[in-house]
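Colleague: Please give me a close look at one part of this model, starting from a single loop and following the chain to whatever that loop connects. I would like the cut-offs stated along the way.

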Amino acid sequence: MSKVLLPTSQGAIYRPPTPTNASREVARGRPVTASPNWADHVKENAVDGRNDTKYHSDTTGANPKPWLLVNLVGSMWVKKIRVLPYVGGKPYRVTDYQFLLGNDEPPTAMNFSQYDLVGAIDGPVPRVEKWHEFDVSPPRCSRYVAVYKHIARPFDTYVMEVAELEVIDLY
Ligand SMILES: [Ca+2]
């Protein structure tokens, strides 16, 4: 065993457990689960930091209530959700979107009964690409963020397209 002496100028940094007013984006690159996707529009595209890539749910009819779930990996004081749906020429698809926060993975797919609803886009939206923001007040300590198209609609209204999702926390 050997001891290492630290220079006296170094000290421990103590971070208080209560959040400050500093905020940051915490969803980018985090693990994502979702309904099956269409073509190469994979679920990870929703949190890749690019507005020109998207998650696009499948068109088989097997999943008329698509969902996407981001695991923030740790519990975060979520104070805002920002979302850029992909509208394109199909604004009728941007309907029935719910945004939910939870502590645990759903026991079964789409069972968000233990989650808190913090935002919604009832749609249809105008035919323009636009960010939507939902304040969470007071901030909610959360590990999971879900986007859920909670009403089953016929083809192809049921398709969910999310270009980007951002989650802002206090720390
Ligand atoms: Ca993207």
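Modeller: Asp156 lies in the loop between strand 7 and strand 8, where strands are DSSP runs of E with at least two residues, numbered from the N terminus. The peptide bond that leads into Asp156 from Phe155 is cis, with omega near -5°. This is a predicted model, in which local features need pLDDT of at least 70 and side-chain atom pairs count only at pLDDT 80 or more, while totals for chains, interfaces and linings use all residues. Residues are numbered from 1 along each chain as its sequence is written.

On one side of that loop is strand 7, residues 132–149, which runs antiparallel to strand 4, residues 67–85, and is joined to strand 4 by 12 bridges; two strands count as paired if DSSP finds at least two bridges between them. Within this pairing, Lys80 stands opposite Asp135 of strand 7. Strand 7 also runs antiparallel to strand 5, with six bridges between them, and there Leu101 stands opposite Val145 of strand 7.

The pairing leads to the largest nonpolar core, which has 37 residues, and Leu68, Val70, Ala146, Val147, Val162, Leu165 and Val167 are the members that touch the most others. A core of this kind is a set of buried Ala, Val, Leu, Ile, Met, Phe, Trp, Tyr and Cys residues joined through C-beta atoms within 7 Å. Strands 2, 4, 5, 7 and 8 each supply at least two residues of this core, and strand 4 gives the most, with eight. Val70 shows how these pieces meet: leaving out residues up to four places away in sequence, Val70 touches Ala27, Arg30, Val32, Val47, Tyr144, Val145, Leu165 and Val167, a contact being a pair of C-beta atoms, placed from the backbone, within 7 Å.

At the other end of strand 7, the loop between strand 6 and strand 7 holds Pro124, which is joined to Gly123 by a cis peptide bond with omega of about -10°. Pro124 is partly exposed because 15 other C-beta atoms lie within 10 Å; a residue is buried at 20 or more such atoms, exposed at 12 or fewer, and partly exposed in between, with C-beta atoms placed from the backbone. Apart from neighbours within four places in sequence, Pro124 is in contact with Pro91, Tyr92, Val94 and Thr95, and the C-alpha atoms of Pro124 and Lys90, 34 residues apart along the chain, are separated by 9.0 Å.

The loop between strand 4 and strand 5 includes Asp96, whose phi is near 60°, a positive value in a residue other than glycine. Asp96 is buried because 20 other C-beta atoms lie within 10 Å.

Beyond strand 5, Glu105 sits in the loop between strand 5 (97–102) and strand 6 (116–121). Glu105 is partly exposed, since 13 other C-beta atoms lie within 10 Å. Glu105 and Arg143, though 38 residues apart in sequence, are 8.7 Å apart in space, C-alpha to C-alpha.

Note on methods:
Helices (H or I, at least four residues) and strands (E, at least two) are DSSP runs, numbered from the N terminus. Two residues are in contact if their C-beta atoms, placed from the backbone, lie within 7 Å.
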